[in-house]
Amino acid sequence: AEEERHRREVGQVSLFGEESSDSEVMLTEVAPMTRSQVLATEKEALGFYLSDHPLSGTDGLFKKWVTCSIRDLGAQEHKKRVILAGIVSSLRELITKKGTRMGFVQLEDLTGTAELVVFPDVFAKAETFLKGETPILVGGVLEKDGESLKILVDQVTDSQELSAKVKRFTVRWNADFHERVKDFVSVLKSNPGGTRVQSRVRLPEVGQEALVEWEGGITLNQKFLDELQLLTGEKDFFEVQL
């Protein structure tokens, strides 16, 4: 399209005085974009997530630790320690009088946005996580002043650190498991590690479920989750056990 526009602007014609014919466009075959890639591209191009949210479905990884959602912060007691999971939507750095850096962060989950205050000692340890694009787990003391809510952060943990604590990973499958089992095994083999894996397969013809144990282990990370999400076609497709 760009080449055609340029030819029309310069009035390019063929040797016979006719407009040049449209050239055939050849598109290179590429692998489908992962869910994470799609969402990152949307955020870069539009400034917000359009088709989905990074936490949707994968929030199951954080359920064992999270104490409440952002929407429910108002119901919590003043000075109570809370643990939230979310994506950093904005970060503003400030230089203190001592020359150290601290941060004011907007954390976003599926229910809303919360303000975080990250003091220098925590900021120095968590800066990489706060400036990343992957979900994080945040712990801190809730400060309530009328309608104003903020969390004084004392700990930040990224999803990779949490993944290392998972002992067993269960994938929920519908009846089409037998059609995709070869691809599933391929994904498992390409992500070897120490986390045990089993499949919970729904058998509608008998109204029951079957558990299929994988003899090896996997490394639980975003790459693995993205590959499984493409394969299953679902967002909420797994459970974890510590």
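Which exposed residues does the face of helix 3 turned away from its buried side carry? They are Asp121, Ala124, Lys125 and Thr128. Keep in mind that this is a predicted model. Besides helix 3, the things to look at here are an open sheet of four strands and a nonpolar core of 31 residues.

**Helix 3**
- On the buried side of helix 3 (residues 120-130) you'll find Val122, Phe123, Ala126, Glu127 and Leu130.
- Those buried residues sit on the same side of helix 3 because they cover an arc of only 155° around the axis.
- As a bit of background, an α-helix has 3.6 residues a turn, so residues three or four places apart point the same way.
- The cover over the buried residues of helix 3 includes strand 1 (81-95), strand 2 (101-108), strand 3 (113-118), strand 4 (136-145) and strand 5 (148-158).

**The four-stranded sheet**
- Reading across this open sheet, the strand order is 8-7-6-9, with mixed pairing.
- Strand 8 (208-218) and strand 9 (238-241) are the edges, each pairing on one side only.
- On average, neighbouring strands of the sheet are turned by 20° against each other, direction ignored.
- Strand 7 (residues 192-203) runs antiparallel to strand 8, and nine bridges join the two.
- Two of the facing pairs between these strands are Arg196 with Gly217 and Arg202 with Glu209.
- Strand 7 and strand 8 make a hairpin with four residues in between, and Gly207 in the turn has a positive phi of about 65°.
- Strand 6 and strand 7, in turn, run parallel and are joined by six bridges; here Arg172 stands opposite Arg200 in strand 7.

**Helices on the sheet**
- Helix 5 (residues 177-189) packs on the sheet and touches strand 6 (168-173), strand 7 and strand 8. The direction of helix 5 makes about 170° with that of strand 7.
- Helix 6 (residues 222-232) lies across strand 6, strand 8 and strand 9, and runs at about 15° to strand 6.

**Nonpolar cores**
- The largest nonpolar core has 31 residues, and the members touching the most others are Phe169, Phe184, Leu220, Phe224 and Leu228.
- Strand 1, strand 6, helix 5, strand 7, strand 8, helix 6 and strand 9 each give two or more residues to this core.
- Setting aside neighbours within four places in sequence, Leu228 is in contact with Phe169, Val171, Phe184, Val187, Gly233 and Phe237.
- Another core, of 21 residues, lies apart from the largest one, and its members include Cys68, Val88, Leu130 and Ile151.
- Leu130 also belongs to the buried residues of helix 3.

Terms used: Residues numbered from 1 in each chain as written. Predicted model: local features only at pLDDT ≥ 70, side-chain atom pairs only at ≥ 80, totals over all residues. Heavy atoms only, no water. Pairing = 2+ DSSP bridges. Axes fitted to C-alpha atoms, helices over the stretch in contact; angles between N-to-C directions. Contact = heavy atoms within 4.5 Å. Buried < 20%, exposed > 50% of the residue type's maximum accessible area, 1.4 Å probe, protein only. Arc of directions from axis to C-beta. Core = buried A, V, L, I, M, F, W, Y, C linked by side-chain atoms within 4.5 Å.
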